[in-house]
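Reader: I should like to learn how to read the features of a structural model. May we work through them one by one?

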Amino acid sequence: MQPKKNHYKVVILGTGPAGLTAAIYTSRAMLEPLLVEGPSPGGLLMLTTDVENYPGFRDGIMGPDLMMATKEQAERFGTEVLLATCEKVDLSQRPLRLWLDGHEVTADTLIAATGAEARWLDLESEQHYRRIGGGVSACAVCDGAFFRDVPVAVVGGGDSAMEEAHFLTKFASQVYIIHRRDTLRASRIMQERALKNPKIKFIWDTAVEEVLGDGKVVQGLRLKNLKTQEESTLEVGALFLAIGHIPNTQVFAGQLDLDPDGYIVTPKSSMSTNVPGVFAAGDVQDTDYKQAITAAASGCMAAMDAEEYLESLEA
Ligand code: NAP
């Protein structure tokens, strides 16, 4: 696919909730945005099943259905959607320059909504049960409610692992936190909350070696104690990974200010970046919330910031 024009007032990279919402707002503002789908059209929600916490859907909605409907909503107002990957940007010049599958376009503003990928253990068995929705997930808020009255496990020792484990105690009969060391990275308050919770049990110095199951659903884990090398099995109905995220910011490296974990730095009060006319929205700049609704909200904010920036150029 090729872009229809050489120059756009707004180019949006990423079609998760942030990019799609930015497209709805900028297209309704008659800015005729180009929305670039990137290598994971629809973003992380394409990997989830029922989304029960997105406002407006009393009975929930499937992640892919939500993304398809939002994309159609953006197209309805004139968004040009391009299935292409942005392999290079030059943000040092005006207009901004982008290369999309080899095609160069220029833009007055750019909204980076390229998202973040959950980090996985990269075990073959983990990927199998993840692909088929059989009980491996990187989002307890999305999938935790499906595992009621069964034991579940969370891997990780950071704030996300503590938070996810705490959340899962609402549903699961027992939550195991499996951590590769014997000290936690999580903040003191989050640690204490987890350590005090009678439904949470810690398994220290331990790695998951294999996800066990019947091919359809998770039934347990094969674990290895990293100090004693001793192996054991643990019966659980689900495995939640909370071992960090990897923001998709490689293409901006050296041009946008990134934090030490690779997230685009935006101030609390706006979605602007260190480069005038470049805005960031969604998981690519969100180190804390990482929810579909917060991503969508930041996409709206980035769109309004971009519109204001374009108006300032015309003034
Ligand atoms: P994180 O702080 O980077 O923690 C990741 C955890 O996963 C670490 O304990 C790490 O172990 C472990 N880990 C990494 N790779 C692993 C692997 N291959 N196998 C096994 N374990 C692995 O990530 P996070 O918990 O997602 O937090 C990210 C940021 O968001 C932090 O700044 C955090 O404070 C913030 N956050 C805040 C809140 C809140 O305040 N409500 C909630 C969630 C997140 P090691 O410790 O051994 O490295």
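**Helix H3, aromatic rings and domains**

Author: The buried residues of helix H3 are covered by parts that include strand E10 (136–137), strand E14 (206–213), strand E15 (218–225) and E17. Please keep in mind that this is a predicted model.

Reader: Which residues of helix H3 (residues 124–131) are buried?

Author: As a general idea, an α-helix has 3.6 residues a turn, so residues three or four places apart point the same way. In H3, the buried residues are Ser125, Glu126, Gln127 and Tyr129.

Reader: What follows H3?

Author: Glycine 133 comes after H3, and the phi of this glycine is positive, near 65°.

Reader: How should aromatic pairs be read, and how many does the structure hold?

Author: In general, two values describe a pair of aromatic rings: the distance of the centres and the angle of the planes. The structure holds five aromatic pairs. One of them joins phenylalanine 147 and phenylalanine 240, with 6.0 Å centre to centre and 85° between the planes, and is edge-to-face. This pair links distant parts of the chain, 93 residues apart: phenylalanine 147 lies in the loop between helix H4 (140–143) and strand E11 (151–155), while phenylalanine 240 belongs to strand E17 (residues 238–241).

Reader: Is phenylalanine 147 buried or exposed?

Author: Residues under 20% relative accessible area count as buried. Phenylalanine 147 has 16% and is therefore buried; phenylalanine 240, at 0%, is buried too.

Reader: Why is the pair of phenylalanine 167 and phenylalanine 171 classed as it is?

Author: Planes over 60 degrees apart count as edge-to-face. The planes of phenylalanine 167 and phenylalanine 171 stand at 65°, with the ring centres 5.4 Å apart, so this pair is edge-to-face. Phenylalanine 171 is buried, because its relative accessibility is 13%.

Reader: Which charged residues lie over the face of a ring?

Author: Arginine 28 lies over the face of phenylalanine 77, 5.4 Å from the ring centre. Lysine 88 is placed over the face of tryptophan 99, at 4.4 Å from the ring centre.

Reader: How is the chain divided into domains, and what area is buried between domain 1 and domain 2?

Author: The domain assignment gives domain 1 (7–117 + 245–314) and domain 2 (120–241), whose C-alpha centres lie 31 Å apart. In general, the size of an interface is often given as the accessible area lost when the parts come together. Here, about 570 Å² is buried between domain 1 and domain 2, and carbon and sulfur atoms give 49% of that area. Seven residues of domain 1 contact six residues of domain 2, and zero salt bridges are found across this interface.

Note on methods:
Residues numbered from 1 in each chain as written. Predicted model: local features only at pLDDT ≥ 70, side-chain atom pairs only at ≥ 80, totals over all residues. Heavy atoms only, no water. Phe/Tyr/Trp six-rings, centres within 6.5 Å; stacked < 30°, edge-to-face > 60°. Helix = DSSP H or I, 4+ residues; strand = E, 2+ residues; numbered from the N terminus. Buried < 20%, exposed > 50% of the residue type's maximum accessible area, 1.4 Å probe, protein only. Lys NZ or Arg CZ within 6 Å of the ring centre and 35° of its normal. Domains from an automatic or database assignment. Contact = heavy atoms within 4.5 Å. Buried area = accessible area lost by both parts, 1.4 Å probe. Salt bridge = Lys/Arg side-chain N within 4 Å of Asp/Glu carboxyl O.
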